[in-house]
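Here are my notes on this one, written as numbered points. Have the viewer open while you go through them.

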Amino acid sequence: MLTAAQPSALAASYVPVLLEVGFAADLLDAWVARHTCLTLKNAASHLTGSGSAALTTGPAAASTASSPVLSPEVQQSALSALVRLLVATPSAAVAPNWPSVAESAVAALYALSDQPQELMAAVLDEMFRRCAPGNIHKMHRLLMFLAFF
């Protein structure tokens, strides 16, 4: 949680490894996934170059308004991983903690994306598509997800 106090603590070169570990295909650990999302959200201002330049005036503003340190490919990879996480069906071990993981993933998606509404619309479309009539379990999961937002 160092990135909460110092967003620049996460170097852009470590983001691919963070994504690989935090969003492992089997998603066995909700805690790791949630904290990966929180780390991305907290470091987004540093990684995307949208830091505290608005709070700084004068000559310091020019040096604070930096260009993004995260390549567009890695940023797209992070956003894709967050979308996959949100539309994935969690395992039984993760399901009890799923709402906090989803909340953190949405927050990270909004922090990293230039157009988060479009990504969230795609997530919700996919979730509704997967909710076939008669599949009450998936519909319940979607309604729980929507209740948090």
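1. In what order do the elements of the chain run from the N terminus on? The run reads α-α-α-α-α-α-α-α. In numbers, that is 8 helices and 0 strands. Keep in mind that we're looking at a predicted model.

2. Some overall figures before the details. The chain has 149 residues, and 38% of them count as buried. Its accessible surface comes to about 8,400 Å², with 61% of that belonging to carbon and sulfur atoms. As for contacts with a separation of 6 or more, residues 24 or more positions apart account for 61% of them.

3. Start with helix 2 (residues 15–22) and helix 3 (residues 30–48). Their axes come within 9 Å and cross at roughly 160 degrees. That angle is over 145 degrees, so helix 2 counts as roughly antiparallel to helix 3. The crossing of helix 2 past helix 3 is left-handed. On the helix 2 side, the contact uses Val15, Leu18, Leu19, Val21 and Gly22, and helix 3 brings Val32, Ala33, Thr36, Thr39, Leu40 and Leu47. Sorted by class, this contact has 8 nonpolar and 3 polar residues, with no charged ones.

4. Next, take helix 5 (residues 72–87) against helix 6 (residues 98–112). These two pack at an angle of about 150 degrees, and their axes are 10 Å apart. Helix 5 and helix 6 are therefore roughly antiparallel to each other. Here too the handedness is given: helix 5 passes helix 6 in a left-handed crossing.

5. The residues behind that pairing are worth clicking through. From helix 5 you get Gln75, Ala78, Leu79, Leu82, Val83, Leu85 and Leu86, and they meet Trp98, Val101, Ala102, Ala105, Val106, Ala108, Leu109 and Leu112 of helix 6. The class count for this contact is 14 nonpolar, 1 polar and no charged residues.

6. Helix 6 also packs on helix 7 (residues 116–130), at an angle of about 145 degrees and with the axes 8 Å apart. Val106, Leu109 and Tyr110 of helix 6 make this contact with Pro116, Gln117, Leu119 and Met120 of helix 7. By class, the residues divide into 6 nonpolar and 1 polar, and again there are no charged ones. Look at Val106 and Leu109 in particular: they belong to the helix 7 contact, and they are also listed among the helix 6 residues that meet helix 5.

7. Stay on helix 6 for Ser104. Is Ser104 buried or exposed? Its relative accessibility is 4%, under the 20% cut-off, so Ser104 counts as buried. Setting aside neighbours within four places in sequence, Ser104 is in contact with Arg34, Cys37 and Leu38. The C-alpha atoms of Ser104 and Thr36 are separated by 8.7 Å, although these residues are 68 residues apart along the chain. Thr36 is one of the helix 3 residues in the contact with helix 2.

8. Finally, check Arg130, which lies in helix 7. With 32% relative accessibility, Arg130 counts as partly exposed. Its C-alpha atom is 9.0 Å from that of Val87, and the two are 43 residues apart along the chain.

Notes: Residues numbered from 1 in each chain as written. Predicted model: local features only at pLDDT ≥ 70, side-chain atom pairs only at ≥ 80, totals over all residues. Heavy atoms only, no water. Axes fitted to C-alpha atoms, helices over the stretch in contact; angles between N-to-C directions. Helix = DSSP H or I, 4+ residues; strand = E, 2+ residues; numbered from the N terminus. Parallel < 35°, antiparallel > 145°, perpendicular 65-115°, else oblique. Left-handed = near helix turned anticlockwise from the far one by under 90°. Contact = heavy atoms within 4.5 Å. Nonpolar A, V, L, I, M, F, W, Y, C, P; charged D, E, K, R; others polar. Buried < 20%, exposed > 50% of the residue type's maximum accessible area, 1.4 Å probe, protein only. Areas by Shrake-Rupley, 256 points an atom, 1.4 Å probe, with all protein chains shown as cover.
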